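Student: I'm new to this structure and would like to look closely at one small part. Could you walk me through it and then say what else is there?

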Amino acid sequence: LFSLGSSSAISNAVAGLVITYMRPFKIGDRIKIGELTGDVIEKSLLVTRIRTIKNEEITIPNASVLSGHTINYTTSAKELGLILNTGVTIGYDVPWKQVHELLIGAALATDGIINKEDKKPFVLQTSLDDFYVAYQINVFTNHSHKMASIYSQLHQNIQDKFNEAGVEIMSPHYRAS
């Protein structure tokens, strides 16, 4: 039992050393490890601790950190601008140019969105399905720690813009009757 416990501790310590020299994140960075997203609050030889947006403190063994993949949102946001995206499905009766204008208008009304020459919001049409077209609005932000509130406000603005224009947002399960 002692040898099994010590091998786990040793693997976590070795992983902690590797993480220290790799520098995939630092304290204060917003990261995603597996399915967990939060801010790094502690890095030690054995574990990494993150705090989620719900103020849950989660302890992750360094061997798990090293064996999985880590996304660092903070470094991307600072250097390149982090791209956030969300999608809507709209019926074929609405001209695509109008949908693009409404989505970009919603993005520009959202706090924390960058609107510079090389980082303007843009729309992709991601599929042409049986009853609707799928659109994706992509926006740049430097505020990785505010991702949840930016998404929330963006969704609110999309609803408002489409409601004002009288355009129905369809769900993927919508069927014309």
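Student: In which sense do strand β1 and strand β2 pair, and over how many bridges?

Tutor: Happy to help! This is a predicted model, where local features need pLDDT of at least 70 and side-chain atom pairs count only at pLDDT 80 or more, while totals for chains, interfaces and linings use all residues. Residues are numbered from 1 along each chain as its sequence is written, and side-chain values use heavy atoms, leaving out hydrogens and water.

Now to your strands. β1 (residues 30-33) and β2 (residues 36-43) are antiparallel partners, joined over 4 bridges. Strands here are DSSP runs of E with at least two residues, helices are runs of H or I with at least four, and both are numbered from the N terminus. Two strands count as paired if DSSP finds at least two bridges between them. Across this pair, K32 faces T37 in β2. The hairpin has 2 residues between its strands, and G34 takes a positive phi near 60 degrees there.

Follow β2 onward and you meet β3, which runs antiparallel to β2 and is joined to it by 4 bridges. These two strands also make a hairpin, with 3 residues between them. In β3, R49 is the bridge partner of E42.

Next comes a loop between β3 (47-51) and β4 (57-61), and N55 sits in it. Its phi is near 65 degrees, a positive value in a residue other than glycine. Most residues other than glycine have a negative phi. N55 is exposed, at 60% relative accessible area; exposed means over 50%, buried under 20% and partly exposed in between, with a 1.4 Å probe and protein chains only.

Elsewhere, an open sheet of 4 strands has the order β7-β8-β6-β9, with antiparallel pairing. β7 (122-128) and β9 (169-170) are at its edges, each with a single partner strand, so one side of each has no neighbour in the sheet. Between them, β6 and β8 pair over 10 bridges, and V88 stands opposite Y135 in β8.

Finally, look for the nonpolar cores: sets of buried Ala, Val, Leu, Ile, Met, Phe, Trp, Tyr and Cys residues joined through side-chain atoms within 4.5 Å. The largest has 24 residues, and I90 and Y135 are among those with the most contacts inside it. Elements giving it two or more residues include β6 (82-91) and β8 (132-141). A second, separate core of 8 residues includes I19, F25, V40 and V65.
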